Amino acid sequence: MAAMRATSSFLSRRGLLARLSADPLLRADNARHFLPGAFRRFSTAPAAAADEEPIKPPVEVKYTQLLINGNFVDAASGKTFPTADPRTGEVIARVAEGDAEDIDRAVAAARKAFDEGPWPRMTAYERCRVLLRFADLMEQHSDEIAALESWDGGKPLEQTAHGEVPMATRCMRYYAGWADKIHGLVVPADGPHHVQVLHEPIGVAGQIVPWNFPLLMFAWKVGPALACGNAVVLKTAEQTPLSALYVASLLHEAGLPEGVLNVVPGFGPTAGAALSSHMGVDKLAFTGSTGTGKVILELSARSNLKPVTLELGGKSPFIVMDDADVDQAVELAHRALFFNQGQCCCAGSRTFVHERVYDEFVEKSKARAERRVVGDPFKKGVEQGPQIDGQQFKKILGYVKSGVDGGATLVTGGDRVGSRGFYIQPTVFADVQDEMKIAQEEIFGPIQSILKFRDVGEVVRRANATHYGLAAGVFTSNLDTANTVARALRVGSVWINCYDVFDAAIPFGGYKMSGIGREKGAYSLRNYLQTKAVVTPLKDPAWL
Amino acid sequence: MAAANGEKGFVVPELEIKYTKLFINGQFVDAVSGKTFETRDPRTGEVIATIAEGDKADVDLAVKAAREAFDNGPWPRMPGCARGRILHKFADLVDQHVEELAALDTVDAGKLFLMGKMMDIPGGASLLRYYAGAADKIHGETLKMSRPLQAYTLKEPVGVVGHIVPWNYPTTMFFFKVSPALAAGCTMVVKPAEQTPLSALFYAHLAKEAGIPDGVLNIVPGFGPTAGAAIASHMDIDKISFTGSTEVGRIVMQAAAMSNLKSVSLELGGKSPVIVFDDADVDMAVNLVNMATYTNKGEICVAGSRIYVQEGIYDAFVKKSVELAKKSVVGDPFNPNVHQGPQVDKDQYEKVLKYIDVGKREGATLLTGGKPCSEKGYYIEPTIFTDVKEDMSIAQEEIFGPVMALMKFKTVEEAIQKANNTRYGLAAGVVTKNIDTMNTVSRSVRAGVIWVNCYFAFDPDAPFGGYKMSGFGKDMGIDALDKYLHTKTVVTPLYNTPWL
C-alpha cells in the first residue's frame with residue numbers, strides 16, 4: 001500500500017516529500033544540526049558530499065549485450081561503448097554498441113515474432129498474465145533495478161527506489177489490465193450494413209527512450225505496446241542502457257516469447273536513425289529533444305511513412321497568482337524545476353510570479369534552493385545528484401553565463417559543486433525577461449528562472465509565447481482563474497495547485513513543438529493499434 | 001445411457017467443511033436466532049453440513065457493517081489501483097485452492113468436479129483479474145456544453161449492494177456479482193442460495209486473507225422469503241442484483257419498489273432457442289445442441305431448451321441427437337468419465353420429472369430418456385422430446401433439467417418468429433454457414449446474447465443479460481461495472497474562456 005500510494009503521487013505533497021520530511025534527520029529545520037555541510041550555501045562553501053568517495057552501488061551489472069530474439073548477443077560489429085557514472089565520469093561498464101546491422105537483426109526477430117509468433121495470437125488474458133508476472137518480478141528485484149537506475153543516471157536512490165521503480169511497475173500493471181478491454185465500436189450505418197471496428201495491433205514498434213527517466217520511459221512505451229499485442233525494438237539512450245536490459249530479462253522470465261521485445265543500446269545517428277528509417281518497422285515512438293524529434297519524423301516520412309509519436313522538449317510555465325499560498329507555491333515551483341536535477345522535459349522552467357507576491361516568492365525560493373541537498377545519489381537524504389554527463393554539465397553552465405550576461409539577477413547558485421563529477425548548484429535567476437535565452441530555451445538543468453507578471457491575460461499570453469507546449473502549473477485558490485487559465489494555456493498537461501502528477505492513467509504529451517500524440521492512459525493504446533472497419537450488407541434487418 | 005454410479009476407479013477427495021457460519025464484518029458468526037439449516041449432497045441426499053441460517057436480524061447486521069465500511073471505511077476511499085491489487089491477490093488465492101473449491105461445489109450442487117477445476121473456479125479467478133484491471137479505469141467524461149460552462153461526470157460507487165446468487169453456478173455467479181461491485185468500490189451483502197452456501201463462505205475467508213477490509217463483503221446464507229426478502233426491502237441497501245427465477249425476480253423488484261426504490265438488476269430465467277439451419281454441419285450441430293441442453297444437467301439459465309432444426313436435416317439431426325444422448329454417462333460428478341451429475345435437490349428433481357410427464361401427456365414424443373437413473377440421489381436420464389408444439393408447457397416453461405425439445409421449421413422467417421415466441425429473451429444459438437442468415441437472425445432474435453456456431457461463449461469482457469422477462473442489467477464486461485456506479489455531473493460557469 002505504501003508503495004502504491006507513493007507511485008500515484010510521489011511528487012505531490014503526500015508522497016516523497018512527506019516521507020522525507022517525516023524523517024527528523026531530513027526535516028529542514030532540524031537538518032542544520034545533523035548535516036551541517038549539506039545545507040550550507042554552495043557558492044560560499046562547496047558541499048563536501050560531492051567530493052567524498054562515491055558510495056559503492058549495491059548492485060552488479062549483469063547485462064551489457066544487445067537483447068535480440070530472446071538472447072543477449074554482441075553487436076555485429078563487435079563494438080562496445082562505455083556507460084559512465086555521472087558522479088565521477090568513470091566507466092561503469094562497456095556495453096555492446098548496436099548499429100544498423102543490429103537493428104536489422106532486431107527488426108527481423110520482432111517481425112517474425114509478430115507475423116508468426118504466439119504473442120499477438122494468444123488471448124489477451126494470457127498477455128495480461130505475462131505483464132502481471134513481470135510487474136511482480138520488478139517488485140521482487142526493485143532494489144537492484146533502483147540501484148542500476150541511480151548508478152547509470154546519477155539519480156537519487158530514494159527517488160528511483162520509492163518513485164520511479166514503483167511507478168514503472170504500476171504502469172505495467174495498468175496496461176496489463178487494458179489487454180483484455182480493447183474495444184472497437186460497432187458503428188451505425190446509413191443503410192442496411194453491419195459495421196464492426198476491429199482494433200488490431202499495429203505490428204513492430206520502434207521505440208527510442210531518453211536518459212533522464214530510462215526505466216519509466218521503458219514502461220510508458222513497452223507497457224501499452226505489449227498489452228496491445230505488438231512486437232518491439234527498443235533503443236535505449238547511450239548514457240543509460242543498463243536498467244532496460246535488466247528488466248527486459250525479467251520480462252522474458254515472466255514468459256514473454258522470444259523476439260517480442262528486443263533491446264538495442266546504441267547511438268542516435270546510427271542505431272536510432274536505422275530504426276526510424278526501417279521499412280520493417282510499423283510505428284515509431286520517441287522521447288527526447290525537439291531537434292531529434294524532427295529528424296525522426298523526417299526519416300519516417302522518407303522511408304515507409306510509419307506513424308510517429310513524439311514526446312519532446314518543453315519550457316513549461318509555472319504560474320503563481322497573488323491569491324496562492326506562497327509557501328506551498330515556492331515548494332512546488334522548486335520541485336517542479338529541480339526534480340531529477342532539472343532534467344525533466346516538463347520541468348517548470350519559467351516561474352511566473354504575480355508582482356504582489358514576487359519579492360516574497362524570490363526570497364523564499366532562494367532559501368529553498370540553498371537548502372537543497374546536493375550529493376552522492378546513493379546517500380540518504382540527498383535531493384539532487386549530478387547531471388547526466390559532461391556535455392550536459394557544460395551546456396547548463398553555459399546557460400548560467402548567458403543568464404548573467406543577459407542581465408538576469410543571479411539570486412543563488414551558478415557554479416559547479418565540488419571538483420569532480422557533474423554536480424551543479426541549485427541556481428535561481430530573478431528578473432528574467434521573456435526574450436532572454438534562459439527564458440526561451442530548454443536548459444535541462446537545475447536553473448530556475450523567475451519572471452514577474454501583473455494580470456491573468458498578460459501571463460497567459462506570455463506563457464503561450466513559446467514553440468513548446470508540454471505542461472504548465474497554475475497556483476491559485478480562485479476557481480474561475482483556474483478554469484480560465486487551464487483552458488487558455490496551449491499545453492498538454494495543466495497541473496493546478498500541484499505539479500508532476502504522473503499517474504499511469506493520465507495522458508501526457510505536448511502541444512506545438514513539444515510533440516505529437518499522448519502517452520499513458522487509455523490514450524496510449526491508440527498509438528499501438530490499427531483500426532479496421534469490417535462492413536457487410538444486411539438482408540432483412542430487424543432494425544437499423 | 002450408461003449409469004456410472006457403481007463404477008470404481010476414481011477418487012472422491014477428502015473434504016473438510018471449514019466455514020458454516022455467516023460472515024459479517026470480517027467475522028464468522030452464528031445467526032442471531034441461533035438457527036441452522038442443512039445443506040445436502042445431491043449424489044445421495046445426505047446432509048453435508050449444517051449452516052447458520054441468516055434472516056432479517058442478520059441481514060440488518062450485515063447491512064450495518066457494509067454501510068459503515070462504505071460510509072467511513074477505506075474501500076471506496078483507496079485508489080482504484082489499490083483495490084485492483086487486492087483483487088489480484090484474491091484471484092491468486094482462488095487459484096491456490098482450486099481443488100478444494102471445486103470439490104465444495106461438486107458436493108453441494110452435484111456439479112462435475114473436472115469442470116469445476118477446469119472452468120468454474122479458474123473462471124472466478126479470471127473474473128476477479130478482469131475487474132482488478134478495470135478498477136483503475138473507471139472514467140468519467142468532460143462534457144461539451146451548449147453555454148460557457150465547464151462540466152464533467154464523476155463515476156461514484158453506488159454504495160451498499162445486495163447480491164442474491166443462485167445454486168446452479170455457485171462460484172461463477174458469486175464472481176459475476178461480487179467482482180465488478182468490489183472493483184467499483186461498493187460494499188455488499190451476498191446471499192448465496194440455501195442449496196449451495198459452502199463455496200461462498202470459503203470465498204469470504206479468502207477475501208479477508210487477500211486484504212479486503214472488514215464489512216466490505218458480508219455473506220448471509222439463508223432462504224429467499226426471510227434473508228432474501230430482508231435484503232430486497234432493506235432501506236439501507238442502494239442496489240440489488242439478483243440472479244434466479246423470473247417469479248422471484250418479480251418479488252425482488254416489488255420489494256425494491258415498496259421500500260427505498262433501490263436500483264435493481266435481474267438475471268432471470270430463459271427458454272433459449274438454438275436454431276440449426278440446413279447448411280449446418282450436422283455432426284457439429286448435434287454436438288453443439290447436446291452441450292447447449294445438457295451442460296450442468298440442464299441447470300443453466302441459458303440452456304438451449306428449444307431446438308429448432310430446419311426440415312432438410314431434421315431427420316438426420318434427430319437420429320444423431322438420440323444416439324449422442326444415449327452415449328451420455330450419468331453418474332457421480334467426481335468421476336472424470338461422467339458427463340452429467342445429479343440435479344441439485346429433491347425439489348428440482350421432482351420438478352423435472354413432472355415436466356417430462358407433462359410433455360408426454362401433452363402429446364410430445366419421448367425419443368429417449370425420461371426416467372430417473374439411480375436408486376439414490378437425483379439423477380435423471382438425458383431426455384429428448386420431438387413433435388413438440390409451440391404452446392406446450394415444455395416449449396414455454398423453464399424446466400431447468402436435461403430435457404431437449406426438438407422442433408422443425410422451414411424458413412428463416414418462421415425460425416425467427418418461433419424463436420421470439422416466448423416471454424423470455426436470455427440467449428440464442430444459431431448454427432449456419434451463411435453470413436446473411438447469421439446477420440439477419442442475430443438482429444432479429446430478441447435475446448441478450450446470440451452465439452453463432454458456438455454456445456456458452458461466455459467471457460469476462462462480454463456483457464451478459466436478458467431481454468424481456470429474462471431480466472435487465474448486464475453481468476460481466478464493462479457494462480457490469482457500470483451497474484455499480486452512479487453518474488454525477490458537476491457544472492461550473494466559465495469566464496473568458498478561449499474556446500467552448
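**Talking through a predicted model**

Modeller: Let's start in chain B, where strand E13 (residues 304-310) is mostly covered, with seven of its seven residues buried. Keep in mind that this is a predicted model.

Colleague: What is strand E12 (residues 272-276) of chain B joined to, and by how many bridges?

Modeller: E12 of chain B is joined to E13(B) by five bridges, and the two run parallel. DSSP has to find at least two bridges for strands to pair, so five bridges make this a pair. One example is Ile275(B), whose bridge partner in E13(B) is Tyr308(B).

Colleague: Over to chain A, then. How do you know where the "active site" is?

Modeller: That comes from UniProt, where an unreviewed entry places the feature "active site" at Glu311(A). Such annotations may be inferred rather than shown by experiment. In the model, Glu311(A) is in strand E11 (residues 308-311) of chain A.

Colleague: Why is Glu311(A) called buried?

Modeller: Its relative accessible area is 2%, and buried means under 20%, so Glu311(A) is buried.

Colleague: And which residues does Glu311(A) touch?

Modeller: Leaving out residues up to four places away in sequence, Glu311(A) touches several residues, including Trp220(A), Cys345(A), Phe508(A) and Glu519(A).

Colleague: Glu519(A) caught my ear. What makes its pairing with Lys221(A) a salt bridge?

Modeller: The side chains of Lys221(A) and Glu519(A) meet at 2.8 Å, N to O. The cut-off is within 4 Å, so the pair counts as a salt bridge. This pair links distant parts of the chain: Lys221(A) is in helix H8 (residues 214-227), and Glu519(A) is in the loop between strand E19 (515-516) and helix H18 (523-527), 298 residues apart. Both partners are buried.

Colleague: What joins Glu331(A), Arg335(A), Arg368(A), Arg372(A) and Glu383(A) into one network?

Modeller: Salt bridges that share partners. Over all chains, a search of the whole structure finds 56 salt bridges.

Colleague: How do you know where Asp282(A) and Arg111(A) stand, buried or exposed?

Modeller: Asp282(A) has a relative accessible area of 23%, and Arg111(A) is also at 23%. Partly exposed runs between 20% and 50%, so both residues count as partly exposed. Their side chains meet in a salt bridge at 2.8 Å, N to O. That pair links distant parts of the chain, with Asp282(A) in the loop between helix H10 (268-276) and strand E10 (283-287), and Arg111(A) in helix H4 of chain A, 171 residues apart.

Colleague: Why are Arg105(A) and Asp102(A) separated by about one helical turn?

Modeller: Because they are three residues apart in helix H4 (residues 100-115) of chain A. Their side chains meet in a salt bridge at 2.5 Å, N to O. As for cover, Asp102(A) is buried, with a relative accessible area of 1%, whereas Arg105(A) is partly exposed at 30%.

Colleague: Last one, back in chain B. What makes Leu114(B), Met115(B), Met118(B) and Met119(B) a patch?

Modeller: They form a nonpolar patch on the surface, with about 380 Å² of accessible area together. Patch members need over 30% relative accessible area. Met115(B) is at 36%, so Met115(B) clears that bar, and the value also makes it partly exposed. Met115(B) is found in helix H4 (residues 113-134) of chain B.

Definitions and conventions: Residues numbered from 1 in each chain as written. Chains lettered and ligands numbered in written order. Predicted model: local features only at pLDDT ≥ 70, side-chain atom pairs only at ≥ 80, totals over all residues. Heavy atoms only, no water. Patch = residues over 30% accessible without salt bridge, like charges linked within 9 Å, V, L, I, M, F, W, Y side chains within 5 Å. Areas by Shrake-Rupley, 256 points an atom, 1.4 Å probe, with all protein chains shown as cover. Helix = DSSP H or I, 4+ residues; strand = E, 2+ residues; numbered from the N terminus. Buried < 20%, exposed > 50% of the residue type's maximum accessible area, 1.4 Å probe, protein only. Contact = heavy atoms within 4.5 Å.
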